[in-house]
Amino acid sequence: MALQPVSGSKGEGMMRDTSAQDVVIIPRGKKPLWLAIAVLVAVALAFVVWKVGLRWVQSDLSVARERLRTGAVTEGVFVRDISIQGVIVAAVKPTVFAPSAGRVTLAVAAGDVVTVGDVVASVESPELRSNLEQAKAELSAQRTEADRAAIEGRQVDLQNQQAVDLARVAITAAQRELRRAEASWEYKVISRQDLEQAQDEVERAELEYAHRQADAELYRERFDFEQAASELTVRQQALRVTELQRQFDELTVRAPVTGIVGTVSVEDRAAVPADSPILNIVDLTQLELEVPLAQGYADDIAIGMTGKVSYDGDIYAAIVSSISPEVENNTVATRLRFSDLQPQGLRQNQRLTGKIELNRLSNAVQVPRGAWFDSEAGRAAYVIEGDFAVRRRIVAGAASAQSIQILEGLAPGESVVLSNTTGFEGQDRILLTQ
């Protein structure tokens, strides 16, 4: 049966219902899915907040992990070396000097390439030329005098020999007269006085011969002595001429090595005193790296130690060739010589870098070198433990340009912070955030 509207009321033509008072009742066990999800999210957020809060409580400071550079602790051969930086210098750089006072004439200019024996300059010395000519004239005069004395000596020697020969002939004649006298005495043709006189003549002739022979030998000895003295005088003068000739020849200055003319110390046609520098020549085939090492390494460096020099992207073997015995500005000048192959294209004063190997250690625990070492003064390191960087006391050993030897505090396989840790403010635990 249809309901009829109540007349005179609001909404006439319609019948009142109870819809405004109705409440939707959801059966138990059929609640919406979004409510369950909301509860789970709330629980998870609460757990995360609790966890993060716990980590914050356990840490003293937090740092973004991506801002840190880390490295692994390893064990193996540890090469103790030092980084070096020096300039290329010529190992052979002779300077030529004026051999005598005079006016110099240059034959080359700075930058010219010369070989051994090339004329690089000449010096005009009228005084040296005059001394040389005088010495030559004196030598010629002494040789002439020596030749004249030799001729006179041979002439006197000939005369002495003639006297000796005449004395020998006189002996022969006296002996003949003696034999004749002895024969006549047998026949009583001559007196005994004549016989004795013949005997005296033989004795006199023999004495004369002996004296003549002795005089000849004595004169020959004196002649030989005077001849030797004359030859010594001539030889001495010849040596003086040779020395003056050498000095005169050295007025033509020649290159002692093959290389490039470096610094020219005088002007062309300038008057220079003796032994004044003219120019130097750089031998580019023998170059060395001069390195100012800190004074603290002076006791560790020794001649013969090996090194490496970097040039144009390549590594060249080198060896320590010299160490200065002096300390200047807290540094010790050290030179390295290329041991195998010298790089092509090197120039003086060119700056290069490299390393010098001091020693090698086997089975050494080591960690890469970084800013952390100076930040912690080498007494501590921050070890990565999960989400934390934990500060740990260490004992460092030898240090190289790349690694630090660890004696105590770290074990192979661990990871440590290599970045500057000054911002950690010495805290024991640092939270590493993402």
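# Exercises on strands, cores and pockets

In strand β15, threonine 334 is the bridge partner of isoleucine 323. The model used throughout is predicted.

**Exercise 1. Follow the strand pairing from β13 through β14 to β15, and state the sense and number of bridges for each pair.**

Step 1. Take β13 and β14 (residues 314–323): their pairing is antiparallel and runs over six bridges. One of the residue pairs is serine 310 with isoleucine 315 of β14.

Step 2. Look at the turn. Two residues lie between the strands of the β13 and β14 hairpin, and aspartate 312 there has a positive phi near 55 degrees.

Step 3. Go on to β15 (residues 331–338), which pairs with β14 in the antiparallel sense over five bridges. The pair of isoleucine 323 and threonine 334 belongs to this step.

**Exercise 2. Work out which strands stand at the edges of the sheet β8-β7-β5-β10.**

Step 1. Read the order: this is an open sheet of four strands, paired antiparallel.

Step 2. β8 (252–254) and β10 (271–272) each have a single partner strand, so they stand at the edges and one side of each has no neighbour in the sheet.

Step 3. Check one edge in detail. β7 (residues 119–124) and β8 run antiparallel and are joined by three bridges. Alanine 121 is placed opposite valine 253 of β8.

**Exercise 3. Do the same for the sheet β4-β11-β9-β6.**

Step 1. The sheet is open, has four strands and pairs in the antiparallel sense.

Step 2. The edges are β4 (95–97) and β6 (113–114); each has a single partner strand, so one side of each is left without a neighbour in the sheet.

Step 3. Between them in the order are β11 and β9. β9 (residues 259–264) pairs with β11 over three bridges, antiparallel, and isoleucine 260 sits opposite valine 282 in β11.

**Exercise 4. Describe the largest nonpolar core and the surroundings of isoleucine 278.**

Step 1. The core has 27 residues, and those touching the most other members are Val104, Val114, Val120, Ile278, Leu279 and Ile281.

Step 2. Assign elements. At least two residues each come from β7, α2 (126–186), α3 (192–249) and β11 (277–282). The greatest contribution is that of α2, with five residues.

Step 3. List the contacts of isoleucine 278, leaving out neighbours within four places in sequence: they include Val96, Phe97, Val104, Leu106, Ala121, Val253 and Val264.

Step 4. Separate from this core is another one of 22 residues, among them Ile82, Val282, Leu289 and Ala318.

**Exercise 5. Compare the linings of the largest and second largest pockets by residue class.**

Step 1. The volumes are about 200 Å³ for the largest pocket and about 160 Å³ for the second largest.

Step 2. The lining of the largest pocket includes Ile260, Val282, Leu284, Leu287 and Arg347. By class, this lining has six nonpolar, four polar and one charged residue.

Step 3. The second largest pocket is lined by Val79, Asp81, Thr306, Gly307, Lys308, Lys355, Ile356, Glu357 and Arg360. Here the classes are two nonpolar, two polar and five charged.

Step 4. Trace the second lining to its strands. β3 (74–90), β13 (306–311) and β16 (351–368) each give at least two residues, and β16 has the largest share, with four.

Step 5. Link back to Exercise 3: Ile260 and Val282, which line the largest pocket, are the residues that stand opposite each other in β9 and β11.

Conventions
Residues numbered from 1 in each chain as written. Predicted model: local features only at pLDDT ≥ 70, side-chain atom pairs only at ≥ 80, totals over all residues. Heavy atoms only, no water. 1 Å grid on protein atoms, 1.4 Å probe; cavity = no way out; pocket = protein on both sides within 12 Å on 5 of 7 lines; lining within 4 Å. Points joined across faces, edges and corners; volume = space filled by probe spheres on them. Nonpolar A, V, L, I, M, F, W, Y, C, P; charged D, E, K, R; others polar. Pairing = 2+ DSSP bridges. Core = buried A, V, L, I, M, F, W, Y, C linked by side-chain atoms within 4.5 Å. Buried < 20%, exposed > 50% of the residue type's maximum accessible area, 1.4 Å probe, protein only. Contact = heavy atoms within 4.5 Å.
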